[in-house]
Amino acid sequence: AYLLASSPDMATTPLSVAVRIRPSQPHDGKTGGAAAVTALDDATVQASCEGASKTFAFDRVFGPESTQQEVYNFCALPLVDAVLGGTNGCIFAFGCTGAGKTHSMLGPEGGRKRVSQDGVLPRAAAELFRRIA
């Protein structure tokens with residue numbers, strides 16, 4: 001899933017693009033084949049299909065081992081700070097069905113599981129309410 005986040009430093013970086021390669025889930029079915037997308041480092045992915053591969057660069061790449069907290073810290077926490085400072089902020093997730101949008105934004109199983117696995121939105125809402133309370 002791609003996560004787009006407006007930067008709090010709008011003068012120099014109006015948009016950041018992060019890629020999240022979500023961990024495999026029980027509903028994925030059989031796993032063990034070669035991954036179609038691999039994180040090469042924290043800013044580059046390699047997509048492979050039928051023997052061919054291509055490399056893509058982004059502002060940040062989160063591999064399947066990345067935690068929800070790491071994604072939140074990069075994509076949403078700066079926006080929470082900006083919103084409380086009076087700047088508008090937006091996080092937009094897109095990707096094909098099963099890419100991990102719900103996993104990243106709400107958490108595994110749509111956010112109905114452990115709080116430690118909460119996605120970006122519940123964490124941002126909790127932080128906003130914590131700061132204004």
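This report describes the fold of one protein chain, beginning with the whole and then turning to its sheet, its helices and three single residues.

The structure is a predicted model, in which local features need pLDDT of at least 70 and side-chain atom pairs count only at pLDDT 80 or more, while totals for chains, interfaces and linings use all residues. Residues are numbered from 1 along each chain as its sequence is written, and side-chain values use heavy atoms, with hydrogens and water left out.

## The chain as a whole

The chain contains four helices and seven strands, where helices (H or I, at least four residues) and strands (E, at least two) are DSSP runs numbered from the N terminus. Read from the N terminus on, these elements follow the order β-β-β-β-β-β-α-α-β-α-α. Of its 133 residues, 31% count as buried; buried means under 20% relative accessible area, exposed means over 50%, and partly exposed lies in between, with a 1.4 Å probe and protein chains only. The chain exposes about 8,000 Å², and carbon and sulfur atoms supply 57% of this area, which is computed by the Shrake-Rupley method with a 1.4 Å probe, and for residues only the protein chains shown count as cover. Among the contacts in the chain with a separation of 6 or more, 49% come from residues 24 or more positions apart, a contact being defined as heavy atoms within 4.5 Å.

## Strands and their partners

Strands of a sheet pair through backbone hydrogen bonds, either parallel or antiparallel. In this chain, three strands form an open sheet in the order β3-β4-β5, with antiparallel pairing; two strands are said to pair if DSSP finds at least two bridges between them. Strands β3 (37-39) and β5 (52-57) stand at the edges and have a single partner strand each, so one side of each is left without a neighbour in the sheet. On average, and with direction ignored, neighbouring strands of this sheet are turned by 25° against each other.

Strand β4 (residues 44-49) is joined to β5 by six bridges, and the two run antiparallel. Within this pair, Q46 stands opposite T55 in β5, and C49 has A52 in β5 as its bridge partner. The two strands form a hairpin with two residues between them.

A parallel pairing is found elsewhere, where β2 and strand β6 (residues 60-62) are linked over three bridges, and V19 has V61 in β6 as its bridge partner. Four of the five residues of β2 are buried, so this strand is largely enclosed by the rest of the structure.

## Two packed helices

Two packed helices are described by the angle between their axes and the distance between the axes. Helix α1 (residues 68-75) and helix α2 (residues 77-84) pack at an angle of about 40°, with their axes 4 Å apart; the axes are lines fitted to C-alpha atoms, for helices over the stretch in contact, and angles run from 0 to 180 degrees between N-to-C directions. The two helices are therefore oblique to each other, given that angles under 35 degrees count as roughly parallel, over 145 as roughly antiparallel, 65 to 115 as roughly perpendicular and the rest as oblique. On the α1 side, Y72, N73, F74 and C75 meet L77, P78, L79 and V80 in α2.

## Three residues in their surroundings

The table lists where three residues are placed and how accessible they are.

| Residue | Place | Relative accessible area |
|---|---|---|
| E50 | loop between β4 and β5 | 81%, exposed |
| Q25 | loop between β2 (16-20) and β3 | 13%, buried |
| P122 | helix α4 (residues 120-132) | 27%, partly exposed |

E50 has a phi near 50°, a positive value in a residue other than glycine.

Q25 touches H103 and P108, when residues up to four places away in sequence are not counted. Although Q25 and P108 are 83 residues apart in sequence, they are 8.4 Å apart in space, C-alpha to C-alpha.

With the same exclusion of residues up to four places away in sequence, P122 touches M105 and L106. P122 and M105 are 17 residues apart in sequence and 8.0 Å apart in space, C-alpha to C-alpha.
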